[in-house]
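Load the model in a viewer and keep the selection panel open. The stops below go from the sheet to the empty spaces and end at the cysteines.

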Amino acid sequence: MKTTPGGLRGSFPVPTTDPVSGATISLLVESADGSSQILLDAGTGVLNLLPRLRPGALLALTHFHLDHLLGLPLLVPSGLSGILTARPDAATILSRLYSPPVWPVPAFNAPFALAAPGKPYVHGALTVAFHPVAHPDGCHAIRIDEPTTGESLVLATDIEWTLMDAADRAAFAGFAHGAGDLWFDCHFLPAELPAHRGWGHSSWRDALDAARLSSARRVHPLHFSPSATPARAASITRRLRPARR
């Protein structure tokens with residue numbers, strides 16, 4: 001399994017020397033043989049992934065906040081096989097967002113698929129599963145497994161770890177158990193969290209805690225604050241290295 005991040009920024013894109021760190025969330029996951037592709041979220045990072053994207057890719061959406069959808073119109077010519085979500089009203093939500101007078105042309109042309117609770121969705125060589133997490137308006141962590149290689153990935157963007165009780169954290173740990181790669185929300189620094197309770201985001205310390213509970217082999221930060229400098233992002237990445245096994 002190969003993962004290529006196209007955007008790692010949260011809330012809105014910012015100008016940086018590194019286009020990936022400045023663009024909002026989108027990751028491309030590919031099976032080991034390259035036959036199956038799943039795009040996770042459609043932030044402005046989609047623009048950086050278009051050269052790798054092939055017809056037949058699946059788009060899986062964690063939730064419906066704008067920073068995770070801004071790149072959706074770029075995918076119209078790409079030939080997506082479908083849009084997978086955990087919300088039955090996904091088509092209605094996106095039709096409201098991308099319609100006149102807000103948006104003048106069709107922004108998606110792929111069929112919608114609804115992820116069944118507790119049942120992995122099969123896309124070629126990969127399987128996809130969803131798990132609810134704490135975030136305003138709802139959000140789901142996404143797990144991708146490649147059964148033939150045993151590789152796995154969990155994307156937990158837009159999650160407020162400190163608002164999840166022990167049962168919620170245990171349920172997440174079970175969902176993410178043994179993941180090879182855990183991509184986790186690091187929007188705030190630990191000292192900033194008390195002033196932003198209810199905003200729906202976490203810190204690098206929460207990422208370490210989630211990785212420990214779930215026995216993830218590697219943990220990666222994403223959803224950096226728009227105000228986060230490259231030095232701050234690099235510092236957070238270094239702090240997460242102890243969790244990599």
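Two strands count as paired if DSSP finds at least two bridges between them. The model is predicted.

**Stop 1: the sheet**

Colour the strands by number. Six of them form an open sheet, which runs in the order β1-β2-β3-β4-β5-β6 with mixed pairing. Select β1 (2-7) and β6 (112-114) next: these two strands stand at the edges, and each has a single partner strand, so one side of each is left without a neighbour in the sheet. Looking across the sheet, the twist from one strand to the next averages 25°.

**Stop 2: the β5-β6 pair**

Strands of a sheet pair through backbone hydrogen bonds, either parallel or antiparallel. Which way do β5 and β6 run? Select β5 (residues 82-85) together with β6: the two run parallel and are joined by three bridges. Within this pair, pick Ile-83, which stands opposite Phe-112 in β6.

**Stop 3: the largest pocket**

Now select Ala-116, Pro-117, Gly-118, Lys-119 and Phe-130. The largest pocket has a volume of about 160 Å³. It is lined by 14 residues, and the five just selected are the closest to its centre. Which strand gives the most to this lining? Strand β8 (residues 126-133) does, with four residues. Colour the lining of the largest pocket by class to see 11 nonpolar, two polar and one charged residues.

**Stop 4: the cavity**

How many cavities of 30 Å³ or more does the structure hold? There is one, and the volume of the largest cavity is about 40 Å³. To show its lining, select Leu-72, Leu-75, Val-76 and Leu-80, then add Ala-107, Phe-108, Asn-109 and Ala-110. By class, the lining of the largest cavity divides into seven nonpolar residues, one polar and no charged.

**Stop 5: the cysteines**

Finish by showing the side chains of Cys-139 and Cys-186. A search of the whole structure finds zero disulfides. For Cys-139, which is in no disulfide, the nearest cysteine sulfur is that of Cys-186, 15 Å away. Cys-186 is likewise in no disulfide, and its nearest cysteine sulfur is that of Cys-139. The cut-off for a disulfide is a pair of cysteine sulfur atoms within 2.5 Å. Are these cysteines buried or exposed? Switch on the surface: Cys-139 is buried, with a relative accessible area of 2%, and Cys-186 is buried too, at 0%.

Definitions and conventions. Residues numbered from 1 in each chain as written. Predicted model: local features only at pLDDT ≥ 70, side-chain atom pairs only at ≥ 80, totals over all residues. Heavy atoms only, no water. 1 Å grid on protein atoms, 1.4 Å probe; cavity = no way out; pocket = protein on both sides within 12 Å on 5 of 7 lines; lining within 4 Å. Points joined across faces, edges and corners; volume = space filled by probe spheres on them. Nonpolar A, V, L, I, M, F, W, Y, C, P; charged D, E, K, R; others polar. Axes fitted to C-alpha atoms, helices over the stretch in contact; angles between N-to-C directions. Buried < 20%, exposed > 50% of the residue type's maximum accessible area, 1.4 Å probe, protein only.
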